[in-house]
Amino acid sequence: MTEAARSGEFVQSLERGLAVIRAFDAEHPRLTLSEVARATGLTRAAARRFLLTLVELGYVHTDGRLFSLRPRVLDLGYAYLSSLGLPEVARPHLEALAAQVRESCSVSVLDGDEVVYVARVATRRIMTVGISVGSRFPAYATSMGRVLLAAQPADWLDDYLATARLRPLTRHTVTDPARLRAALATIAAQGYAIVDQELEEGLRSLAAPIRAEDGSVVAAINVSAHASRGSFETIRTELLPPLLATAKRVEEDLAAGPGR
């Protein structure tokens, strides 16, 4: 139990309301009351109260049976993105990089054991699932995730490797904690990550860190390409230099601040 919960400052109703919002995702865009209750562990009566409150506030729509999120929920995430400043700074650089290499480019941050996309420029769809701002993927199987994991403090990383569920998403996915630890050490030393078909078959991805002025890694930037583009080494040779150069330009703009 957290310190806030022990001191009586933890607002459980807020936690439950957010759980109701998180019950909806790309695979479950519309849910019945029973499905929301089952996904959140709430009683039907409690789930109904939260859903109807969210309907009244404009965050959820209902036709009387099915519930779905309304665009207003984006305001919740936009407040974070606006305070971060990163998406606005990165966007023009992503557009330039995508035009140069003719591949999709993204920026993400680490949230627990997942990466969350905060900016993206797509040139074509190369995954079976669509990716947009707000999309999440397990950090261990993605290039951006590995860059961000490699930058974490040793004790945090120890806890992560001891508890993370490393599922085989493809036949190439690294699921052994010792192998993942070794890969992260290499990434930390070389300053970039390359993941070869570990998130999805046929998808190769390169990522580099985006650092704050104090040297801490605040985000990651990547380029994704289909394996048909060329050999593993060819993709690295063609895509890594412009990726690293773009990361540097994003860092320079972040350091310049609002008056850049």
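This report describes strand β8 and its two neighbouring strands in a predicted model.

**The chain as a whole**

The chain contains 10 helices and nine strands. Of its 260 residues, 42% count as buried. Among contacts with a separation of 6 or more, 54% are between residues 24 or more positions apart. The exposed surface of the chain comes to about 14,000 Å², and carbon and sulfur atoms supply 52% of that area.

**Strand β8**

Strand β8 covers residues 203-211, and eight of these nine residues are buried, so the strand is largely enclosed by the rest of the structure. Buried here means under 20% relative accessible area. In a regular strand the side chains alternate between the two faces of the sheet.

**Pairing with β7 and β9**

Strand β8 pairs with β7 (residues 193-196) in the antiparallel sense, and β8 also runs antiparallel to β9 (residues 217-226). The table lists the bridges for each pair.

| Strand pair | Bridges |
|---|---|
| β7 and β8 | four bridges |
| β8 and β9 | nine bridges |

On the β7 side, S205 in β8 is the bridge partner of V195. On the β9 side, R211 stands opposite V217.

**The two hairpins**

Strands β7 and β8 form a hairpin with six residues between them. In that turn, Q197 has a positive phi of about 60 degrees. The hairpin of β8 and β9 has five residues between the strands. There, G215 takes a positive phi near 90 degrees.

Terms used:
Residues are numbered from 1 along each chain as its sequence is written. This is a predicted model: local features need pLDDT of at least 70, side-chain atom pairs count only at pLDDT 80 or more; totals for chains, interfaces and linings use all residues. Side-chain values use heavy atoms; hydrogens and water are left out. Buried means under 20% relative accessible area, exposed over 50%, partly exposed in between (1.4 Å probe, protein chains only). Two strands pair if DSSP finds at least two bridges between them. Contact means heavy atoms within 4.5 Å. Accessible areas come from the Shrake-Rupley method with a 1.4 Å probe; for residues, only the protein chains shown count as cover.
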